[in-house]
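Student: Could we go through this model together? I should like to start with a single residue and work outwards.

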Amino acid sequence: MSSDLLLVSASIIALGAASKLLADRYEIPNVVFLLGFGILFGPAGVGLIDPTLFDDSLSTIVSLAVAIIIFEGAFTLSASNIRDAPKSTLKLVTGGAALTFVSLCGLVHYLLGLQWNLSCLIAALLVATGPTVITPVLNQIEVREGVKTLLETEGVINDVTASVLGAVIFSVAALGYHPDPFGGHMGADVIVDFVSRIGTGVLIGIITALLAGYVLRYLSLSPQNSRITVIGTALISYAIADALASEAGIVTVAVAGLILGTVDIPFEREIAGFSGDVTTIVLSVVYIILASLLDFRHLLTLGVGGLIVVVLAMVVIRPLAVFLSTTGTQFTWNERTFIAAVGPRGIIPASTATLFSLQLANAGVPNAKSVVHVVFLVILVTVVVEAGGAPLAAKALDIIPMTVLIIGGSRIGRALADRLDKRGENAVIIERDDAVINELRSDGYSVVRGNGTDAAVLEEAGGDRAKMVIAATSDDDQNILACQTARTRFGIDRLIAQVNKLENADAFSDLGVQPVTPVTATVDMMDDLILRPNFYEWLSAVGDENEIAEVVVKSDAAVGEQIQQIELENDAVIALFRRDDEFIVPKPTLRIREGDVVTLIGKREAVERSVAMLE
């Protein structure tokens with residue numbers, strides 16, 4: 001038995017590594033291959049993986065894996081990202097989640113004929129759109145930062161909500177109550193139970209994070225100690241909270257991860273990298289084992305009703321929740337459609353449904369196995385269709401943002417990439433030095449290896465969707481050649497170059513390249529400090545608190561209107577117009593034309609929302 005278990009365990013880890021390689025090679029989310037391998041090598045396939053070997057420890061394995069996965073997702077997300085998340089995120093994880101729960105509960109009850117308690121349990125678990133599927137998808141697709149943050153934040157919060165709500169309804173189902181959301185029959189005890197579990201998890205999460213933060217700042221002296229401390233924190237806090245209140249552990253690790261990801265702790269980058277690697281391993285183990293438990297004979301018993309539930313969940317309920325939550329926001333119609341099309345379910349409903357189904361069956365609850373079958377049917381279809389098809393959807397909807405190519409990974413190139421990243425731009429650095437490339441990638445920059453003067457390298461970096469090229473190497477010849485290649489091969493007109501020798505500046509200008517020399521840049525900065533000290537101080541906060549943005553007017557709501565009729569966001573004003581080749585100082589009665597280039601200044605969030613109104 002022990003040798004069989006060892007062989008199966010090693011095979012699962014090897015299959016997990018293979019799935020990661022295939023996912024990176026074909027740009028398909030890793031989860032698709034993990035589920036496929038679990039089914040292929042499980043009892044329904046070749047039979048290499050026997051899930052009964054894990055019967056005695058399956059619950060513990062899944063629970064600890066979930067603790068690490070949720071903690072890593074929250075740690076990476078951090079509270080600062082949630083603060084920067086669009087306001088529609090709150091609507092999506094509250095009203096949108098409630099709409100999803102109630103709608104799915106009714107669909108499962110009426111289409112599959114299951115009792116209300118099981119229907120509500122299934123609906124609660126399917127509220128989750130986990131980061132374990134969303135994050136790999138977004139790592140392979142370039143989308144605006146707001147879209148990415150909304151989907152990742154929704155995934156982390158909904159994982160917690162689904163786990164706790166599912167645990168509460170599981171208790172109700174096991175006790176034989178029959179909650180009816182349409183008839184108001186849920187009961188105050190269910191609500192109290194839900195709130196108490198959330199509260200327990202939050203309290204323990206805060207205490208754990210404070211203790212771990214103290215240890216990391218004052219007692220941990222190496223990256224190794226810090227990594228061990230963080231993983232140990234996730235596991236012990238989960239176990240303590242879950243012992244006090246079932247599923248409160250999910251809340252605890254989410255809160256602890258969120259706090260530790262926000263506070264200033266040493267070796268944060270090393271911790272994040274290690275947590276990500278551990279998460280990849282435990283994801284492989286859990287997904288493959290759970291997928292191997294699938295019995296397709298039972299899935300087929302769901303019949304047409306099961307397929308209708310899945311289809312309506314994807315094409316009606318999810319889009320309705322998203323579009324209601326994002327009405328009147330900065331998201332374009334295509335971005336809202338993409339968000340609606342990407343709602344794959346992940347590890348939380350899979351693991352929790354498996355455990356609940358087994359316990360309900362042991363308790364003699366009728367139709368108990370239907371819980372895991374319905375949940376897994378939704379997971380399989382949404383992972384394959386929504387997660388697997390997300391790259392195609394992004395291209396079809398044309399939501400992939402324009403790229404800014406930076407030639408050269410010097411300190412100037414890195415600093416510029418940082419500035420652009422803060423503004424939500426998609427910056428890609430082209431560098432040919434292997435040592436510099438490794439350093440850049442370890443620091444989280446998007447890097448393409450090669451010479452920026454090579455058209456093939458520019459194309460690999462995204463030259464066909466680049467809106468500008470910035471040549472920032474120490475070689476003027478290379479800078480000017482890279483700019484010329486970008487213009488002649490890709491039609492890129494916005495070209496900026498670092499000019500290292502002042503006497504070469506005119507040659508760059510004659511070729512239509514905007515030159516920036518160290519001398520002129522320094523003189524301009526000093527001149528601003530002399531003549532415009534207040535404005536310079538305001539400019540120093542651009543990208544953080546303040547923002548200056550240019551937008552080409554395309555919005556039907558703005559074209560033909562006077563400036564005074566445009567209701568921009570508070571703390572944002574129009575500072576300048578450019579119409580054709582003429583600069584115009586904006587007056588209240590000036591009518592906006594399509595194609596006008598408008599310069600906005602003000603507070604960062606207000607400017608970003610105003611830009612979305614005009615473009």
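Tutor: Glu142 is a suitable start: this residue is partly exposed, its relative accessible area being 31%. (Under 20% counts as buried, over 50% as exposed and anything in between as partly exposed, with a 1.4 Å probe and protein chains only.)

Student: And what sort of model and numbering are we using here?

Tutor: The model is predicted, so local features need pLDDT of at least 70 and side-chain atom pairs pLDDT 80 or more, while totals for chains, interfaces and linings use all residues. Numbering starts from 1 along each chain as its sequence is written, and side-chain values use heavy atoms, without hydrogens or water.

Student: Where does Glu142 lie?

Tutor: Glu142 is in the loop that runs from helix H6 (131-139) to H7. Helices (H or I, at least four residues) and strands (E, at least two) are DSSP runs, numbered from the N terminus.

Student: How far is Glu142 from Gly343?

Tutor: The two are 201 residues apart in sequence, and their C-alpha atoms are 17 Å apart in space.

Student: Changing topic: how many residues of helix H5 are buried?

Tutor: In helix H5, residues 116-125, 10 of 10 residues are buried, so the helix is mostly covered. Among them are Trp116, Asn117, Ser119 and Cys120.

Student: How many cavities of 30 Å³ or more are there?

Tutor: There is one. A cavity is a set of points on a 1 Å grid over the protein atoms alone where a 1.4 Å probe fits but cannot get out; lining residues have an atom within 4 Å of a point. The largest cavity holds about 100 Å³ of space, a volume being what probe spheres set on the points fill, with points joined across faces, edges and corners.

Student: Which residues lie nearest its centre?

Tutor: Of the 13 residues lining the largest cavity, Gly96, Thr100, Val127, Glu154 and Arg318 lie nearest the centre. Helices H4 (88-112), H7 (145-175) and H13 (303-325) each give at least two residues to that lining.

Student: What do the side chains of Arg318 and Glu154 form?

Tutor: Arg318 and Glu154 form a salt bridge, 2.6 Å from N to O. Arg318 belongs to helix H13 and Glu154 to helix H7, so this pair ties together parts 164 residues apart in sequence. (A salt bridge puts a side-chain nitrogen of Lys or Arg within 4 Å of a carboxyl oxygen of Asp or Glu.)

Student: Buried or exposed, that pair?

Tutor: Arg318 and Glu154 are both buried.

Student: How many salt bridges are counted?

Tutor: The count comes to seven. One of them joins Arg414 to Glu439, with 3.0 Å between the closest N and O atoms. Because Arg414 sits in helix H18 (residues 411-422) and Glu439 in helix H19 (residues 434-442), the pair ties together parts 25 residues apart in sequence. Arg414 is buried at 17% relative accessible area, whereas Glu439 is partly exposed at 40%.

Student: Which residue does Asp596 pair with?

Tutor: Asp596 forms a salt bridge with Arg579, the closest N and O atoms being 2.7 Å apart. Asp596 is in the loop between S9 and strand S10 (597-603) and Arg579 is in strand S8, 17 residues away. Both Asp596 and Arg579 are buried. Elsewhere, salt bridges with shared partners join Asp527, Asp528 and Arg532 into one network.

Student: Last topic, the backbone: what is phi at Asp580?

Tutor: Asp580 is not a glycine, yet phi is positive there, about 60°. Asp580 lies in the loop between strand S8 (572-579) and strand S9 (582-584), and is exposed, with a relative accessible area of 70%.

Notes:
1 Å grid on protein atoms, 1.4 Å probe; cavity = no way out; pocket = protein on both sides within 12 Å on 5 of 7 lines; lining within 4 Å.
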